[in-house]
Amino acid sequence: MDLNDKLTRQSEELAEARAQLRGYSGPLGLENASDEEIIRLEAFEKGSIKHSGFLEVYNVPEFARIIVCELKPTLARLLTKNLPAYLLVAAFRNHDEKRDETALTGLFSSVHLVLKDTISRSHDLDLLSLWLVNLWRLFNLLRQYSGEDSQPEWHVANTETQNSYRFKAYDVAPIRDQLKLRIEECYTSLMKKAIEHVLSPKIVPGILQHESSSDLMTAGQERRDRNSGSVESQRKSLDDLLQFMEIVHTKLTTYGGDDIVVKQVIGQMARWMCALALNYMMFRRELCNFEKAIQIKHNVTQIQNWLNAKGLSDCRDHFEPLVQACHLLQSRKDPSNLDTLCGEMTSRLKPRQVVAILQHYDPSDEMEDGLSPEFLVQIQKKLNERAIANNDPIEDKDKLIMLGTYLPPFDTQPFSYSDFPLETLSLPSCLHMQSVCRLV
């Protein structure tokens, strides 16, 4: 009886100790932590532990489940960036070294099936960002370490050690082809399921209706906006738009996104913003006036400044049609200025877009008269002459609406080099992978 009571007390003490330990283990409690609040710990160098960048996988189904399902975004932010990509290429190299084609394709198929199902069902910005970044990195690693010599640019930056890691037995091009499809699918899901429905409602308020300062709003503007809703909410709308762009950018870079991924995602967001704003603006008389043009141009400049600060100056150009529309509304509109109106100033606008903006032009109070039909005919004729001189496609002549939220495929043509040394890979204890694989 005494021994039984002692055993019961020890069991209770052990259960209590385990409960306390659970409070200090894993990523528990990190779900609501921001990227800035996360503490990253660097491991000490373990000079005695060395491996050759190979990963031997014992249990393929469990490995696939852990690397795709157990690696949550909140945990991935704490670990080596692009860790799944590096683990997979190390595992592929191990089977290539052993010339085990069945094991290599079997491993890829297992991970591929789990990942395909995960991507197709997800609407989560974090999860889709995480896997777009990792799929893109894995795709490039399979080019960087491929045994092919037909693409020297894939290997020109490799160190001697990295060249020794290149695949020796098999051509992994078929795996890259499958990865390319998953990259395009993940990119489409990210843009259409996680970004578009949040971004689209912010565009018109943030770019066309936002008022940054009362100094920019004249008496005529006050008259037009008297019934347009809360001025205070309009003044916050551009901040909301920029904040969402910041969120997307931060997530991509936190998970290890390179310049190519970031530019394609943010660049596509910029195209959508310009297209939707211009399509809305062309048919709204209250937006086609001198004062609004100043305000819209100011808002676009704020977005372009944000792009510059993030090293994305190339994406500024996506806003050029909207910027030119503002310049058109601010310019002098008379027959003596036809060459300017139909020249370089509107080179990124289609003829029908220029005419539509001028048709809805609302002259400012006591500044100028309305535009005559004869003047609009002259504009149309001059624009047609410009199109012929520039050999513009015939279909561009009648194009009016920009392709709103059209999404072109992800461009996988550019190559992205990685300087990460595979021999420094380690298996995070928090994923409990030691029972399914080991580094050799």
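## Where α6 meets α11

In this predicted model, Leu132, Val133 and Trp136 of helix α6 are in contact (heavy atoms within 4.5 Å) with Ile260, Val261 and Val265 of helix α11. By class, that gives six nonpolar, no polar and no charged residues. Here Ala, Val, Leu, Ile, Met, Phe, Trp, Tyr, Cys and Pro count as nonpolar, Asp, Glu, Lys and Arg as charged, and the others, Gly among them, as polar.

α6 covers residues 125-144 and α11 residues 259-281; their axes lie 10 Å apart and make an angle of about 135°. Axes are lines fitted to C-alpha atoms, for helices over the stretch in contact, with angles from 0 to 180 degrees between N-to-C directions. The two helices are therefore oblique to each other; angles under 35 degrees count as roughly parallel, over 145 as roughly antiparallel, 65 to 115 as roughly perpendicular and the rest as oblique. The crossing of α6 and α11 is right-handed, a term used when the near helix is turned clockwise from the far one by less than a right angle, with anticlockwise giving left-handed.

## The fold and its core

The protein has 17 helices and two strands, taken as DSSP runs numbered from the N terminus (helices are H or I, at least four residues; strands are E, at least two). Of its 440 residues, 47% are buried, where buried means under 20% relative accessible area, exposed over 50% and partly exposed in between, with a 1.4 Å probe and protein chains only. Among contacts with a separation of 6 or more, 81% join residues 24 or more positions apart.

The largest nonpolar core holds 122 residues, and Phe63, Ile195, Ile207, Val265, Met269, Met273 and Ile379 have the most contacts inside it. Such a core is a set of buried Ala, Val, Leu, Ile, Met, Phe, Trp, Tyr and Cys residues joined through side-chain atoms within 4.5 Å. Helix α8 (residues 173-209) gives this core its largest share, 14 residues. Val265, beyond its neighbours within four places in sequence, touches Leu132, Tyr187, Leu190, Met191, Ile195, Val248 and Leu252.

## α12 and its two partners

Helix α12 (residues 290-309) and helix α13 (residues 320-330) have axes that come within 9 Å and cross at roughly 155°. That makes α12 roughly antiparallel to α13, and their crossing is left-handed. On the α12 side the contact includes Phe290, Ile294 and Val300, and on the α13 side Leu322, Val323 and Cys326 are among the residues met. The whole set divides into nine nonpolar, three polar and one charged.

α12 also packs with α8, at an angle of about 115° and with the axes 7 Å apart. Gly206, Ile207, Leu208 and Gln209 of α8 meet Lys292, Gln295, Ile296, Asn299, Val300 and Ile303 of α12. This contact has five nonpolar, four polar and one charged residues.

## Two buried residues

Val300 of α12 is buried, with a relative accessible area of 0%. Apart from residues up to four places away in sequence, Val300 touches Ile207, Phe319, Leu322 and Val323. Its C-alpha atom is separated by 7.5 Å from that of Val323, 23 residues away along the chain.

Arg176 in helix α8 is buried too, at 7% relative accessible area. Outside its neighbours within four places, Arg176 is in contact with Phe139, Leu142, Arg143, Ser146, Glu148 and Trp154.

## How to read the values

Residues are numbered from 1 along each chain as its sequence is written, and side-chain values use heavy atoms, leaving out hydrogens and water. As this is a predicted model, local features need pLDDT of at least 70 and side-chain atom pairs count only at pLDDT 80 or more, while totals for chains, interfaces and linings use all residues.
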